[in-house]
Amino acid sequence: MADRHPALGEHHYSLTSTWTGNTGTGTSGYRDYRRDVTLDVDGKPRILASADKPFRGDSTRWNPEDLLLASLSECHLLSYLHACVTAGVVVVSYRDTATGYMREDGAGGGAFVEVLLHPEVVVSDASMIEAAERAHAQANEWCFIANSMNFPVRHEATVTAQIA
């Protein structure tokens with residue numbers, strides 16, 4: 001029995017997605033309803049969402065593409081911080097300006113073809129820069145969200161040392 005591995009954890013998530021864009025006639029026509037949605041998870045702040053503006057959405061609200069990009073960026077960030085801790089790297093600042101590329105297929109659908117993360121990391125000492133750069137590869141392997149995608153999630157990171 002010594003070669004048995006403990007069962008891997010399973011995690012379940014749930015939310016309520018409610019369409020709030022009925023202007024009185026439901027979906028009687030393509031231009032007759034708003035794309036407004038409210039996303040609720042128990043115990044968390046409500047997210048006001050919509051379609052992206054080119055798809056008749058409200059540009060002041062989060063859209064599915066924003067949320068996907070945010071999920072990938074945050075997952076890499078959290079995985080990266082863990083990788084740095086295990087490598088003995090002290091991160092004092094992390095900022096990512098992520099970009100995603102989606103291509104429409106001309107038939108009403110489309111797909112993301114790539115996401116590029118641009119983490120800007122500051123570590124506490126210059127001697128940690130090399131290990132901090134390597135930690136991005138580990139973070140990419142650990143990120144649950146990136147591992148669930150069918151398109152590349154790349155990163156072009158910069159790492160600098162804190163100025164004393």
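# Briefing: helix α2, a disulfide and a three-stranded sheet

In helix α2, the buried residues are A131, A132, A135, H136 and A139. The model is a predicted one. This briefing covers that helix, the cysteines, two further buried residues and an open sheet of three strands in the order β1-β2-β3.

**Helix α2 and its surroundings**

- Helix α2 has 14 residues, which at 1.5 Å a residue should span 20 Å, and its end C-alpha atoms agree with this at 20 Å apart.
- The cover over the buried residues of α2 includes α1 (64-87), β4 (91-96), β7 (119-123), β8 and β9 (158-161).
- An α-helix has 3.6 residues a turn, so residues three or four places apart point the same way.
- In α2, A131, A135 and A139 are among the buried residues.

**H76 in helix α1**

- H76 is part of helix α1.
- Its relative accessible area is 2%, so H76 counts as buried, the cut-off being under 20%.
- Leaving aside residues up to four places away in sequence, H76 touches Y94, L117, P119, H136, A139, N140, C143 and H155.
- Two of these contacts, H136 and A139, are also listed among the buried residues of α2.

**The cysteines**

- There is one disulfide in the structure.
- C75 and C143 form this disulfide, with an S to S distance of 2.5 Å.
- The torsion about their S-S bond is about 140 degrees, so the disulfide is right-handed.
- C75 belongs to helix α1 and C143 to the loop between α2 and β8, so the disulfide ties together parts that are 68 residues apart in sequence.
- A disulfide is a covalent bond between the sulfur atoms of two cysteines.
- Both partners are buried: C75 has a relative accessibility of 11%, and C143 has a relative accessible area of 1%.
- C84 takes part in no disulfide, and the nearest cysteine sulfur, which belongs to C143, is 14 Å away.
- C84 is buried as well, at 1% relative accessibility.

**A146 in the loop after α2**

- A146 sits in the loop between α2 (129-142) and β8 (153-155).
- With a relative accessible area of 12%, A146 is buried.
- Not counting residues up to four places away in sequence, A146 is in contact with L72, N140 and V153.
- A146 and L48 are 98 residues apart in sequence, and their C-alpha atoms are 24 Å apart in space.

**The sheet of β1, β2 and β3**

- The three strands form an open sheet with antiparallel pairing.
- β1 (16-19) and β3 (47-49) are the edge strands with a single partner each, so one side of each has no neighbour in the sheet.
- On average, neighbouring strands of this sheet are turned by 25 degrees against each other, direction ignored.
- β1 and β2 (residues 37-40) run antiparallel and are joined by four bridges.
- Within this pairing, T16 has D40 of β2 as its bridge partner, and S17 has L39 of β2.
- Three bridges link β2 to β3, again in the antiparallel sense.
- T38 is opposite L48 of β3.
- The hairpin of β2 and β3 has six residues between the strands, and in this hairpin G43 takes a positive phi near 80 degrees.
- In a regular strand the side chains alternate between the two faces of the sheet.

Methods:
Residues numbered from 1 in each chain as written. Predicted model: local features only at pLDDT ≥ 70, side-chain atom pairs only at ≥ 80, totals over all residues. Heavy atoms only, no water. Pairing = 2+ DSSP bridges. Helix = DSSP H or I, 4+ residues; strand = E, 2+ residues; numbered from the N terminus. Axes fitted to C-alpha atoms, helices over the stretch in contact; angles between N-to-C directions. Buried < 20%, exposed > 50% of the residue type's maximum accessible area, 1.4 Å probe, protein only. Contact = heavy atoms within 4.5 Å. Expected span 1.5 Å × (residues − 1). Disulfide = S-S within 2.5 Å.
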